[in-house]
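Got your viewer open and a selection tool at hand? Load the model shown here and we'll walk through it stop by stop.

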Amino acid sequence: MSDSSSSSAHRLPDYLRNTYSWAYLNHRTVPWLDQPAVVSAILWGNASRLMDAAVREFAPGQRVLQAAAVYGDFSARLARRLGDGGQLTVVDVAPIQIANTRRKLEPWPQARAQVADLTEPMGVSFDAVCCFFLLHEVPTYARHRIVTNLLEAVEPGGKIVFVDYHKPRWWHPMGPAMALVFRYLEPFANALLAEEIATMVPQTAEFEWTKETFFGGLYQKVVGVRRS
């Protein structure tokens, strides 16, 4: 785990240290991967479109939980959307990611970032929750715990928004390339593609769900509203 925070390494999940150390825990690569142009390239030019689609689901004045740090300007977009009367809380298990997020959110006093393990219950509720490209990066057991805890953090009548990878249509020109990405760089992604978020854990039954796909089905936005 080159250049990562050794004092907190023992608290980091094994899957994160073993699979994504290069992407999220390395002080050399984090600034490079956090560039909007790099984020756009990784998502085949769809980053801004997907970020906008997620941010539009939230309203000014809401108290929103962002599950895990996101490279690029996503958190700033969300903080701007919520406005001075809202509150954004970003949580991530990696201290290096929280430090980077705090730097980006300095212009937004209504936003804060803190270290937390989303496989553990939040112990607090929000008007809404946003989970942007996290689920494909965790193994199934952790993904189910995270989804359960995020659902339980939504207040009655509140909303949860997931944006992540989706199984592309058979004719998708990026299909072969993404198959290689999922095999070698994103080893937990195929397990996500085999599940429907709206039925992933028992707690999803407490929500009304809608789903929209983008870019030939390669990406999905799944929105749940908790019954009052």
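What follows is a tour of selections, with a note on what is there each time.

**Before you click**

This is a predicted model, in which local features need pLDDT of at least 70 and side-chain atom pairs count only at pLDDT 80 or more, while totals for chains, interfaces and linings use all residues. Residues are numbered from 1 along each chain as its sequence is written, and side-chain values use heavy atoms, with hydrogens and water left out.

**Stop 1: the largest pocket**

Start with the largest pocket, which has a volume of about 820 Å³. A pocket here comes from a 1 Å grid over the protein atoms alone: an open set of points where a 1.4 Å probe fits, with protein on both sides within 12 Å along at least five of seven lines, and lining residues have an atom within 4 Å of a point. Grid points are joined across faces, edges and corners, and the volume is the space filled by probe spheres set on the points.

Select Tyr24, Tyr71, Phe133, His136 and Glu137: of the 39 lining residues, these are the closest to the pocket's centre. Now colour α1 (14-19), α2 (21-25), α3, α4 and α9, the elements that give two or more residues to the lining. Helices (H or I, at least four residues) and strands (E, at least two) are DSSP runs, numbered from the N terminus. By type, the lining divides into 31 nonpolar, four polar and four charged residues. In that count Ala, Val, Leu, Ile, Met, Phe, Trp, Tyr, Cys and Pro are nonpolar, Asp, Glu, Lys and Arg are charged, and the others, Gly among them, are polar.

Stay on Phe133 for a moment. Phe133 sits in the loop between β4 (126-132) and α8 (140-152), and its phi is positive, about 55°, although it is not a glycine. At 11% relative accessibility Phe133 is buried (under 20% relative accessible area, with exposed over 50% and partly exposed in between, using a 1.4 Å probe and protein chains only).

**Stop 2: the aromatic rings**

Next, show the aromatic side chains; the structure holds 12 aromatic pairs. Rings of Phe, Tyr and Trp (its six-membered ring) pair if their centres lie within 6.5 Å, and planes under 30 degrees apart count as stacked, over 60 as edge-to-face and the rest as tilted.

Pick Tyr15 and Phe188, an edge-to-face pair at 6.3 Å centre to centre with 85° between the planes. Tyr15 lies in helix α1 and Phe188 in the loop between α9 and α10 (189-193), so the pair ties together parts that are 173 residues apart in sequence. Both of these residues are buried. Then try Tyr20 and Tyr24, whose ring centres are 5.8 Å apart with planes at 55°, so this pair is tilted. Tyr20 and Tyr24 are buried too.

To finish here, select Phe74, Phe132, Phe133, Tyr165, Phe182, Phe215 and Tyr219, which form one aromatic cluster.

**Stop 3: helix α6**

Phe74 from that cluster is also one of the buried residues of α6. Seven of the nine residues of α6 are buried, so this helix is largely enclosed by the rest of the structure. Switch on α5 (47-55), β1, β2 (87-92), α7 (95-104), β3 (111-115) and β4 to see what the cover includes. Just after α6 comes Gly83, with a positive phi near 75°.

**Stop 4: Asp34**

Go to the loop between α3 (29-33) and α4 (36-42) and click Asp34. Is Asp34 buried or exposed? At 7% relative accessibility, Asp34 counts as buried. The Asp34 side chain reaches the backbone nitrogen of Gly72 at 2.8 Å, and the C-alpha atoms of these two, 38 residues apart along the chain, are separated by 5.2 Å. Leaving out residues up to four places away in sequence, Asp34 touches (heavy atoms within 4.5 Å) Val70, Tyr71, Gly72, Asn100, Arg103 and Lys104.

**Stop 5: His166**

Last, find His166 in the loop between β5 (154-165) and α9 (175-184). His166 is buried, with a relative accessible area of 17%. Draw a line from its side chain to that of Lys211: the two are joined by a polar contact of 2.9 Å. A polar contact is a pair of N or O atoms within 3.5 Å; within protein, one must be able to donate a hydrogen and the other to accept it, and residues adjacent in sequence count only if both atoms are side-chain atoms. Beyond its neighbours within four places in sequence, the contacts of His166 include Leu193, Thr213 and Tyr219.
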